[in-house]
Amino acid sequence: MPRTTISVIKADVGSFPGHSRTHPKLLETAAKMLKAERGKLLVDSFVTHCGDDLELIMTHTRGVDSEAIHRLAWNVFLECTGVAKNLKLYGAGQDMPADAFAGNVRGMGPGVAEMEFEERESDPVLVFMAGKTGPGAWNFFLYKVFADPFNTPGLVTDPSLSEGFVFEVHDLVGKRKISFACPEESYSLLAYIGAPSRYVIRHVFKKDGTIAASTSTQRLNTMAGRCRGTDDPVMIVRAESGFPSMGEAIEPFTIPVLVAGWMRGAHHGPLMPVGLCDANCTRFDGPPRVICFGFQVTNGKLIGPADMFDDPGFDRVRARCNELADTIRAQGPFEPHRLSSEEMAYTTLPAVEKKLEPRWEPLGD
Ligand code: F6R
Ligand code: MG
């Protein structure tokens with residue numbers, strides 16, 4: 001049996017109205033193009049959206065970073081850009097900054113999370129997709145799932161989990177990486193991942209090197225020189241039998257965590273778990289939100305999806321997120337609702353400061 005690869009590749013290639021949701025025509029175009037590749041490049045595919053991001057979930061046997069798979073995703077986004085332009089959708093083609101495909105979509109605009117594994121007897125996989133959210137948003141949740149026994153009792157009670165996990169952290173500014181084994185190095189891990197605007201968990205592995213979780217890490221705003229929309233990351237998590245259970249993997253989303261993103265990619269706000277029917281950003285262009293689709297991966301086929309946050313069990317966190325949203329919105333244009341000055345450097349604010357620069361006078365001694 002060949003190893004199975006899951007590639008989740010996403011881009012915002014236009015939305016309506018404004019930056020709020022993906023148009024059905026884009027979903028239809030993408031789904032048709034991927035369906036035509038089933039039995040050829042792909043084993044299976046599923047197309048969805050979170051807010052203004054078009055999400056391509058694909059299975060195949062070509063491994064991660066496959067040029068053919070990335071080219072397929074690129075071509076889907078190009079075709080959808082054409083559809084978006086015809087409809088004069090807002091921000092048509094906004095995540096497609098370079099015209100020519102150069103072998104890999106990573107670093108070009110679209111976000112990518114991928115993993116390759118040998119299928120177990122039964123292989124449950126969760127795909128998380130966020131909107132109006134910065135790339136480090138998964139740090140908190142991955143720590144809770146794979147390192148915190150108060151979230152994941154299996155770390156204590158299941159011998160197949162008690163060795164712990166290894167976290168691979170990327171430094172988005174220094175362009176370097178480091179790995180920490182947990183539980184023994186959990187304080188060192190937290191020293192970095194507590195700064196999610198710079199340090200991002202890219203992968204989680206079992207101690208024997210088996211992949212457990214994979215995220216997209218792109219910071220589109222730094223790549224483009226200014227904010228062209230938030231990064232809206234995606235993440236793949238394997239569950240059960242040697243990994244945290246399905247319920248342990250979604251439990252931390254019952255905590256209303258503040259993330260960077262929201263309005264103009266320039267504000268902190270609570271990350272709200274929602275079902276697909278609520279994956280549309282409206283209030284103040286948000287609030288930031290996350291959807292989760294559960295699948296069984298069966299000989300490469302995606303059995304599902306199950307809409308994991310479409311559950312009254314998440315009603316209370318949604319209410320608490322709304323309360324937190326009211327509280328932080330009341331701060332208006334002030335920090336910490338507004339991002340730190342360092343992070344605002346990638347928004348439109350520097351253009352305002354440039355205009356005002358000549359009016360500043362030295363204070364003297
Ligand atoms: C944030 C987002 C929106 C836009 C805002 C301004 O991710 O997409 O909040 O930043 O609508 O957009 P422009 O500059 O296109 O008017
Ligand atoms: Mg988006």
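## Exercises: a buried cysteine and a one-sided helix

At 2% relative accessibility, C281 counts as buried. Keep that in mind as you work through this predicted model.

**Exercise 1.** Work out how many disulfides the structure has, and what C277 and C281 are doing in that respect.

*Solution.* Start with the cut-off: two cysteine sulfurs have to lie within 2.5 Å to count as a disulfide. Searching the whole structure on that basis turns up 0 disulfides.

Next, take C277. Its closest cysteine sulfur belongs to C50 and sits 12 Å away, so that's too far for a bond. C277 is also exposed, at a relative accessible area of 60%.

Now for C281. The nearest cysteine sulfur is that of C50, at 6.2 Å, and C281 is in no disulfide. As for its surroundings, C281 is the buried one we opened with, at 2% relative accessibility.

**Exercise 2.** Describe helix α1: its span, which residues are buried, and what covers them.

*Solution.* First, the span. α1 runs over residues 24-35, which makes 12 residues, and goes 16 Å from first C-alpha to last, close to the 16 Å expected at 1.5 Å a residue.

Second, pick out the buried residues: L26, T29, A30 and L34. Their arc around the axis is only 125 degrees, so they end up on the same side of α1.

Third, flip to the face turned away from that buried side: there you'll find the exposed residues K32 and K35.

Finally, ask what sits over the buried residues of α1. The cover includes β2 (44-50), β3 (53-60) and α2 (67-86).

Notes
Residues numbered from 1 in each chain as written. Chains lettered and ligands numbered in written order. Predicted model: local features only at pLDDT ≥ 70, side-chain atom pairs only at ≥ 80, totals over all residues. Heavy atoms only, no water. Helix = DSSP H or I, 4+ residues; strand = E, 2+ residues; numbered from the N terminus. Expected span 1.5 Å × (residues − 1). Buried < 20%, exposed > 50% of the residue type's maximum accessible area, 1.4 Å probe, protein only. Arc of directions from axis to C-beta. Contact = heavy atoms within 4.5 Å.
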